[in-house]
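Q: Please take a close look at the interface between the two chains. Go through the contact first, then the cavities and the salt bridges.

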Amino acid sequence: MIQYLYADQLSSFPALARAMFRDRADQFATRLKWAVEVDAQGEERDEYDALNPLYVIWETSAGGHGGSMRLMPTVGRTMVNDHFSHLTDGVRIESPFIWECTRFCLARDAGPGVAAALMLAGGEVMRGFGVEHYVGVFDARMVRIYRMIGASPEIVGSQGTGADRISVGLWDFTPEAQARVAQRAGVSPELSRHWFERAFGGAGPARGDMRAA
Amino acid sequence: MDFILAQLECVETREELQRTSEALRDFCGVDHLIYHWVNSNGEQWGCGTYPPDWVQRYIEKGYLKIDPVIQGCYRHFHPVDWKSLDWSGKAVRAFLQDAIDHGIGNQGYSIPIRGPNGQFALFTVSHHASDDDWASFTEANRRDLILLAHYFNHKALELEPGRTPEPAQALSPREVEAITLLAVGYSRAQVADALSISEHTVRVYIESARFKLGALNTTHAVARAMARGLIVV
């Protein structure tokens, strides 16, 4: 299932958080050989993790980390604006309606639907919070994965070649894309909506409370 | 709306910002509009239309510590409908009743903003309405409210005592090109063609430029860019 957790909420899910940062070390340091920092506990964190981002996490039925991504509004500091503006024609991408999606990570043993479930959750965030685009930084392998799940980003710019290629891309999310991704994820739109509303409230019991008061 | 934004743009003192909050409240057609910030030193400042006796009571009762809106928004960045918060505790219910008795309304929508250097602000509209009416209102106006919240915060930051004003947000040459082509009547597809980038990329660049220009829409952004001499057509 999908968990939506701000960094300041991770302490309530210590095992899940540890597993996420370890899987990030495994993906970005061990497999992709990106120059990321891994601490003594084998966890990968960067300066943006300290800015209280929102994590979207696939929690496996055993309570483990299946995959995750990190969201931040582009009105604050972002990786794309700080480090990759040479890939965006020098444009600082900045709007409350454009959020940055980085550190898209899949556990080694992630099931086939995990990447799609994360994208589907990204769509819930768009719908729920009025986000219209994501901008993200990703590697060559993710380009194939995004294509496979039917949610290819529009690539704005790239650097490097082959497996070392890093790109900045954009997503919007049409209803057609959402339907496609839901099918790949094997998650019904209703269930996806339910996970989102469980995290952020929605048409839940709070409504009744409010009226009663 | 353009008029209200123009008024906000011209504000030079906190008293004027207070008056603009009242004008904005009337324009939005809600009972109240409130803006509140905390900076990295823990200093607070706010303005808006809450009755003074409610503000006084809020402080005296220490409601800041239990207010679910504050608890639910602090350090976060997604807009929050008050209905989605947890109002189930006894103290919280008493607080809500007290707020309603002071005319705050039974509905609210709050937009948290994380500014530079640990600044945190909250922009809120509150109202008396049924759940359905409020849902229609927030859905129809969410986009404008989010923009207003950020522009309001931008202005409040400018007016912070002792603050060195940040240089006006510059547009990159690419954004200037895109806005210039729109100004001379190109469609987004034509802009994309002319700049050899995708239409999606054009939309994102224009969205960024609009935000930096403090504009609500593209027409408004073009007008502002021309008025500031950023583009020449």
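A: What follows treats the contact first, then the cavities, then the salt bridges. The model is predicted.

Start with the contact itself. Chain B puts 40 residues into it, and chain A puts in 46 residues. The size of an interface is often given as the accessible area lost when the parts come together. Here the area buried between chain B and chain A is about 3,700 Å². Carbon and sulfur atoms give 57% of that area.

Next, the polar side of the contact. There are 18 residue pairs in polar contact between chain B and chain A, counting pairs with both residues at pLDDT 80 or more. On the side of chain B that touches chain A, four elements give two or more residues each: α5 (90–101), α6 (131–158), α7 (173–183) and α9 (199–212), all of chain B. Of these, α9(B) gives the most, with nine residues. By class, this side of chain B has 14 nonpolar, 13 polar and 13 charged residues.

Four salt bridges cross the interface of chain B and chain A. One of them joins the side chains of Asp172(A) and Arg203(B), with N to O at 2.6 Å. Arg203(B) falls within the range of α9 (199–212) of chain B. Keep Asp172(A) in mind, as the residue returns below in a cavity lining.

Now the cavities. The count comes to three cavities of 30 Å³ or more. The largest has a volume of about 140 Å³. Its lining has 15 residues, and both chains appear among those closest to the centre: Pro96(A) and Trp99(A) from one, Phe77(B), Pro112(B) and His150(B) from the other. Two elements of chain B, β4 (107–114) and α6, each supply at least two residues of this lining. The most come from β4(B), which gives four residues. By class, the lining divides into 12 nonpolar, two polar and one charged.

The second largest cavity has a volume of about 80 Å³. Its lining is drawn from chain A and includes Met69(A), Cys101(A), Phe104(A), Met119(A), Met126(A), Trp171(A) and Phe173(A). Gly122(A), Gly123(A), Tyr134(A) and Tyr146(A) also line this cavity. So does Asp172(A), the residue that meets Arg203(B) in a salt bridge. Two elements of chain A, β4 (98–106) and α3 (114–129), give two or more residues to the lining. The largest share is four residues, from α3(A). By class, the lining has nine nonpolar, two polar and one charged.

Last, the salt bridges over all chains. Their count comes to 30. One lies within chain A: Asp46(A) pairs with Arg103(A), and the closest N and O atoms are 3.3 Å apart. This pair links distant parts of the chain, 57 residues apart. Asp46(A) sits in the loop between α1 (14–31) and β2 (54–59) of chain A, and Arg103(A) sits in strand β4 of chain A. That strand is also one of the elements that line the second largest cavity.

Notes
Residues are numbered from 1 along each chain as its sequence is written. Chains are lettered from A and ligands numbered from 1 in the order in which they are written. This is a predicted model: local features need pLDDT of at least 70, side-chain atom pairs count only at pLDDT 80 or more; totals for chains, interfaces and linings use all residues. Side-chain values use heavy atoms; hydrogens and water are left out. Contact means heavy atoms within 4.5 Å. Buried area is the accessible area (1.4 Å probe) that two parts lose on being put together, summed over both. A polar contact is a pair of N or O atoms within 3.5 Å; within protein, one must be able to donate a hydrogen and the other to accept it, and residues adjacent in sequence count only if both atoms are side-chain atoms. Ala, Val, Leu, Ile, Met, Phe, Trp, Tyr, Cys and Pro count as nonpolar, Asp, Glu, Lys and Arg as charged, and the others, Gly among them, as polar. On a 1 Å grid over the protein atoms alone, a cavity is a set of points where a 1.4 Å probe fits but cannot get out, and a pocket is an open set with protein on both sides within 12 Å along at least five of seven lines; lining residues have an atom within 4 Å of a point. Grid points are joined across faces, edges and corners, and a volume is the space filled by probe spheres set on the points.
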